[in-house]
Amino acid sequence: MGSAKSSLSKIPNAEQLMDDTGFSPAHVVRLHERFQALDKEKKGHLSRQDFESIKELATNPIRDRIIGAFFAQGGEMVDFHTFVKILAHFRPVDKKHLKKANIREPINSRTNKLRFAFQLYDQDNDGKISRSELLQVLRTMLEVQVTDEQLESIADRTIQEADLDGDNAISFDEFRKSLEKVNIDHKMSIRFLR
Amino acid sequence: MKPLRIHVPALLLVAFVSKAWTVPMNNSGTSYMTTTGTAHSGSNTAGNHTANNGGHEAAVTTLPIVTWKWHHVELPYLMTVWVLVCWLIKLVLHLNERLTIEIPESAMLILIGFGLGGIIWGADKVQTFALKPITFFLFLLPQIILDAGYFMPNKLFFSNMGAILTFAVIGTVWNAVTVGLSLYGVYLGGAMGNLDIDLLQFMLFGSLLSAVDPVAVLAVFEEVHVNEVLFILVFGESLLNDGVTVVLYNVCDAFVSLGADKINAVEIIKGIVSFLVVAFGGALVGVVFAILLSLLTRCTKNIQIIEPGFIFILSYLSYLTAEMLSLSSILAITFCGVCCQRYVNANMAESSVTTVRYAMKVFANGSETIIFVFLGISAIDPNIWVWNTAFILLTIVFVLVYRIIGVFALTWLLNRFRLIPIEIIDQVIMSYGGLRGGVAYVLAFMLDENRIKEKNLMISTTLIVVYFTVVLQGVTMKPLVKWLKVKTASKSDLCLMEKLQNRAFDHILIAIEDISGQIGHNYMREKWNKFEMRFIRPLLMKTSARKSQDQLFSVFHQLNLKDAISYVAEGERRGSLAFIRSENDANLVIKKKFGADFSDIMSDINSDISDTESYSNIPMPSTQNGVPSICLDIEEEMKKKNFNGAKDIDTHRLLQMHLYKARKQHRHRYSRREIGVNKDENEVQEIFQRTMRSRLESFKSAKMGVGQNKKLKPHKKDQVRNLCLLLPTAYAYNMQWVKLTCLFLQVSNGNLDFVGNSAGGIENPAFFPDAPPQTPPWSTNTQAENGVAPSQWAQLRIPWSPSNFHRLAPLRISTRSTDSFLLADRATTEEEQPPQDQPSGMKK
């Protein structure tokens, strides 16, 4: 723990960060190490290239979308705070922390987790998943070769299913409703090792 | 009376049990009787159930016409009757629905078993029938376990594997040791009076009671619908702890025979090694057989009818092999089911998959019923009952208490590592769900009474524990689940968005794990999936099956099928296909073109058709074209034409009257090799005749047809065909009916698929008085010789349809159509579709 504390002191605004994200000091230190490992040129922030050079990520069909999520606020660099905040979406919900910080919504709340997923589709940030946006994601995710026509009909059907107001697009509310039965806390959490 | 061995379920596994056929026919040939002289004695023996015909041996003086051969059939007969009785009990139980909701079936079956046992004992004064270990382990248990493994939700099972193994191994050992030791302690304290049991025997007893029983757990938990994680924990534990139980039992049994003084560290280490070998060896046997099975189903395409049989045979073999090698047979068959399910389901034909699914349920459910009934029957035997209040009560208390302690301690440990902690309420249910069942009873039954003096006390205690857990805990389980508000399983409908999103979540999680540098579950799963995809699938899965494996697409496919089925069902309910549906209906309309999918269907249909030669005559919708020329959606078509409601009703009535109801019937075919659906030529003819007749009638009644040709009045059946030859245009009208009926045929052939809409619907001018007056078709039949333009109806192809239609093919060449109305409407269609058949002249 001593080493964790000492390396914690090197990270600027670590307290603030932990307060925002709910990560423990050990987590923050751990992530900081990872951040530095990714930041090969030691420039203090991560660029797209840094993400793209992660080997395991190369085969992920929605790699670009996820990397894009880190750059959602625009700009071409991700500093440590943004990095941790994005990852905080995936922190499992723990009840103790929830009680403590009930003033504002924690980053890993259900809505925020969903919003993260939503924004992977919504590339133009208009708050709606249009048919073409859905189609793009579908195309990348279907493993087996399917024809465009099939893809289109799947996309149409998906939109029909979720679309409640008939605008042929899925808004965030509709998105949330259609996933009401899914246990997002389970599906959008990973266990952060200490 | 000689004791009867009951091979009740051998019937279920007819294929496996050669025994049934080798029943010694000891008195066949000795008991020929003449009908005249022995009617009386025949009924006597029947009454006695003993069939002692020895006395008639000397009576063979004349040719016997009918003989009484009870011994010849005794064993299989009794088995069958017992199966029947057990199943009838189940049937009676389910007559009262409320009863089965309130009280779990397993408990009811045991209680009824008591009653049956009482009757048997009252009649015989001895318990003739009891659950024998051989019967239980070789014939009753495998099917249940196979069913459990085959329908195991794999992803859930493997992602909770750590927890399941912890409970199965550590939990079971804990149960065995603590129960045994505590009982011994109390015994030393003197609370049980004078018993001839030593420590090792107590440990043996503890070990046979340690295992949570898969049959009992499944029976109770299936009815309460708890959330899936809780279910898989309890159920997975009950399946996997078998290896532990068997080993513990064997080790303790061996120790008992060795005697306490010969046990040393070496023996104990051997015991542990034996555990590892038994458990992993069993699982390995299962995996090997699963691979064999998957490979085998790759090439059973040509013998589809026995394809499902391989599943049962090979998995049963895996069970027997493991049993033979004294490995854990339950683990073997579990893993066989778990590992093969995916590949087998992909490799086999759809119908075989369904067959396996149902047959497995029949076997499993059937033998489960038998087990519980016999657990009840076995109790009614005064010979086994030895009562020792302290021993029995303390056993129950210890079993319960140590289960609770074990579960809570282990979950506490596990929760430190789990992403989703197991909640307190779930832990309560888990501890309460520690049901003991048939396995424990049979193990107790197998004890050696020469070495274990108090065998009967152990049997009766085990029985009490089984009844206590299955009946009492089983009955109270549901109220408890409700009272504690345990999260129950939510029924989820098929939902594309959900499936899509689940997949997206998977990818997201993997990516995030990669980015944050964690090596977690998702990472490992991804690696495994990749490996499976690259190496295992090509080996075990058919090439064709591999291609259509995308789950998302199959969900989509299923949804569409469901829509189509409900669409037709709805239509039929209303008596016609023309039910109301608004255009902007959210009711997911099937109007998409299915490019590649279409070709799949076509190949399906093609394979259905034996007579492919004639098939080539029928133009088939090409894949480019996509849209078949059938209109499912008559309503929509109507709207296009701006018809008003009155005509709709007209049409509805008409459809109702004249739509041919395709008969789907399995005719009795004397072929063991295939089950075919009726493809009767007469059916087509009948459709044809009916529609012809109705056409003629409507022409008669239509205003424009007034004063028509009297010759046409009689429409006897034999004339109808002539008529249609004479009246090509009339026939052309008919095409729409044929089309509709084709649609039905198609549906009835099981090839219900996406039937798009383009042309079609009801467009017969005869029904639309507003339509421009036309010349009645038959007045133009002289023009037939000119054979100019085929009518548009003739040009619009017959949709793909059973080959029977080929007879009609030449008829589609027709004369110039007379409905200008349609011609005007269809001008474009005609240009697009030049006549596909050359006029071959009219047949007269």
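The following paragraphs lead through a predicted model of two chains, A and B, from its confidence scores to the interface and then to two loop residues of chain B.

The scores come first. The model as a whole has an ipTM of 0.88 and a pTM of 0.67. For chain B the mean pLDDT is 70, and 61% of its residues score at least 70. Confidence varies along the elements of this chain: helix H12 (residues 307-324) of chain B has the highest mean pLDDT among them, 92, whereas helix H1 (residues 35-48) of chain B has the lowest, 39. Two stretches of chain B deserve separate mention. Residues 580-644 of chain B have a pLDDT below 50, and this stretch makes 151 contacts in the model beyond near neighbours in sequence. Residues 740-844 of chain B likewise have a pLDDT below 50, with 263 contacts beyond near neighbours in sequence.

The interface can be described next. Here 54 residues of chain A are in contact with 51 residues of chain B. The area buried between the two chains is about 4,900 Å², and carbon and sulfur atoms give 67% of that area. As for specific pairings, the rule finds 1 salt bridge across the interface of chain A and chain B. Its partners are Arg157(A) and Asp563(B), whose side chains meet at 2.6 Å, N to O. Between chain A and chain B, 2 residue pairs are in polar contact, counting pairs with both residues at pLDDT 80 or more.

On the side of chain A that touches chain B, several helices each supply at least two residues, among them H3 (25-38), H5 (63-70), H6 (80-88) and H8 (110-121) of chain A. The largest share, 9 residues, comes from H10(A), a helix that spans residues 148-162. By residue class, this side of chain A divides into 33 nonpolar, 10 polar and 11 charged residues.

Attention now turns to the backbone of chain B. Most residues other than glycine have a negative phi. Against this background, His225(B) has a positive phi, near 55°. His225(B) lies in the loop that runs from helix H9 (214-224) to helix H10 (228-258) of chain B. Lys485(B) also has a positive phi, near 55°, and is found in the loop between helix H18 (455-483) and helix H19 (496-516) of chain B. Is Lys485(B) buried or exposed? Lys485(B) counts as exposed because its relative accessibility, 69%, is over the 50% cut-off.

Technical notes:
Residues are numbered from 1 along each chain as its sequence is written. Chains are lettered from A and ligands numbered from 1 in the order in which they are written. Side-chain values use heavy atoms; hydrogens and water are left out. Helices (H or I, at least four residues) and strands (E, at least two) are DSSP runs, numbered from the N terminus. Buried means under 20% relative accessible area, exposed over 50%, partly exposed in between (1.4 Å probe, protein chains only). pLDDT is the predictor's confidence in each residue, from 0 to 100. Contact means heavy atoms within 4.5 Å. Buried area is the accessible area (1.4 Å probe) that two parts lose on being put together, summed over both. A salt bridge is a side-chain nitrogen of Lys or Arg within 4 Å of a carboxyl oxygen of Asp or Glu. A polar contact is a pair of N or O atoms within 3.5 Å; within protein, one must be able to donate a hydrogen and the other to accept it, and residues adjacent in sequence count only if both atoms are side-chain atoms. Ala, Val, Leu, Ile, Met, Phe, Trp, Tyr, Cys and Pro count as nonpolar, Asp, Glu, Lys and Arg as charged, and the others, Gly among them, as polar.
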